[in-house]
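Hi there,

Here is the structure I promised to pass on to you. Have it open while you read, and take your time with each part.

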Amino acid sequence: MTAAVAICTIVPPYVLDRLAEAGHEPAVHSLALDAAHRAARLAPPPPVAGAPGLNRVVYDSGHGQRLPGRTVRTEGQRASSDASVNHAYDGLGATFALYADVFGRHSIDDRNLRLDASVHYGRNYDNAFWNGHQMVFGDGDNVVFGDFTACVDVIGHELTHGVTQFTAGLDYQDQPGALNESVSDVFGSLVKQYALHQGAADADWLIGAGLLAPRVQGVALRSMKAPGTAYDDPQLGKDPQPAHMRDYVDTSQDNGGVHINSGIPNHAFYLLATALGGSAWERAGRIWYDALTGGALAADADFTAFARATVAAAKARFPDDRSVADTVTASWAQVGVSPG
């Protein structure tokens, strides 16, 4: 029997919970929709090979909740008058480009899966998610959150949940779930960096920069460079992410803190990428990709197991430069994780 796919949203439930408790109606509505999505427990698409190359379809949900909606742009068609349609289309393409150009991957399943996305989902829906089949974007409420199609790293993040689904299949709970979220942040950031031709030293290492409305006191949903500093706002509260294992959060909420504790492996990747220098996708990204897709990573892998996988990947990928694997080990040690 094929396991159902976890619904992985970009905005953590604890953020929406806080807004809902303060009486923010779009957050109440968004939490209800997210709960319905998780209860649906969709099965993943069957492994059917598609036509080679990039193939995108963008749909308009028309502020309803039936997916996918009306087809509004397909591969090769000229730009729409709807900015959300174009942002989604371009973000799908940017994600495809990173995986194809850098890692030789044929779409997120490596079998040329068509990339589908629905925009204008729900009314004032404060989230975006991958449901095992396609991307879904809300418009935001324009009070706390803006349009979720506007951030290419958000699109890269959510589609990477698909890559994880088709490779390591990391459990969406506790440390494996935090790794699942972290891997999506890592490659979401790399999608943005690759699209902008940024080196590791030039990148902002923020996830969702520009997503928060102007009145919100914050710069993004998460910071890989400095976890715990992305926002500090009367409505949202303070970013709770730790950057080190000594501050690991034991909680039953958020599937055991998958969005919170992802700050630890996120920071390890940031430290590695900036220590190695150059373009983050060339060495650090290659190591993380090899660890994720190499077939040796168990679905219940914890931080230590993933760290070991990355050290092994570094040794295999860069056998003539021992310093790369040593830098991987040192980066994990700086966040309190020992590959052993």
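Which residue in β3 does Val57 stand opposite? The partner of Val57 is Thr74 in β3. Please keep in mind as you look that this is a predicted model.

Let's stay with that part of the sheet for a moment. Val57 sits in strand β2, which covers residues 56-60. Strand β2 has a neighbour in β3 (residues 70-74): the two run antiparallel and are joined by four bridges. Strand β2 also pairs with β4 (residues 115-119), this time in parallel, through five bridges. In that second pairing, Tyr59 is found opposite Ser118.

Is β2 mostly covered or mostly open? It is mostly covered, with five of its five residues buried. You can check this from either face: Arg56, Val58 and Asp60 are buried on one side, and Val57 and Tyr59 are buried on the other.

Next, have a look at Asp116, which belongs to strand β4. Its relative accessible area is 13%, and because buried means under 20%, Asp116 counts as buried. Leaving out residues up to four places away in sequence, Asp116 touches Val57, Tyr59, Gln134 and Met135. Met135 is 19 residues from Asp116 along the chain, yet their C-alpha atoms are separated by 6.2 Å. The side chain of Asp116 also makes a polar contact of 2.8 Å with the side chain of Arg114.

Now for the nonpolar cores. The largest one has 93 residues, and those touching the most other members are Phe137, Phe145, Phe187, Trp205, Phe269, Trp288 and Trp332. Helix α3 (residues 83-103) gives this core its largest share, ten residues. Another core, of six residues, lies apart from the largest one and includes Ile7, Leu33, Tyr121 and Phe129. If you would like one residue to explore, try Phe145: its contacts include Val11, Val15, Leu16, Leu19, Leu211, Leu212 and Leu221, again without counting residues up to four places away in sequence.

Last, a pair of helices. How are α5 (residues 174-196) and α7 (residues 263-276) packed? Their axes lie 8 Å apart, at an angle of about 35 degrees, and α5 passes α7 in a right-handed crossing. Where they meet, α5 brings Ala178, Leu179, Ser182, Asp185, Val186 and Leu190, while α7 brings Pro265, Asn266 and Phe269. You have already come across Phe269 in the list for the largest core.

Enjoy exploring!

Best wishes

Key. Residues numbered from 1 in each chain as written. Predicted model: local features only at pLDDT ≥ 70, side-chain atom pairs only at ≥ 80, totals over all residues. Heavy atoms only, no water. Buried < 20%, exposed > 50% of the residue type's maximum accessible area, 1.4 Å probe, protein only. Pairing = 2+ DSSP bridges. Core = buried A, V, L, I, M, F, W, Y, C linked by side-chain atoms within 4.5 Å. Contact = heavy atoms within 4.5 Å. Polar contact = N/O pair within 3.5 Å; in protein donor to acceptor, adjacent residues only side chain to side chain. Axes fitted to C-alpha atoms, helices over the stretch in contact; angles between N-to-C directions. Left-handed = near helix turned anticlockwise from the far one by under 90°.
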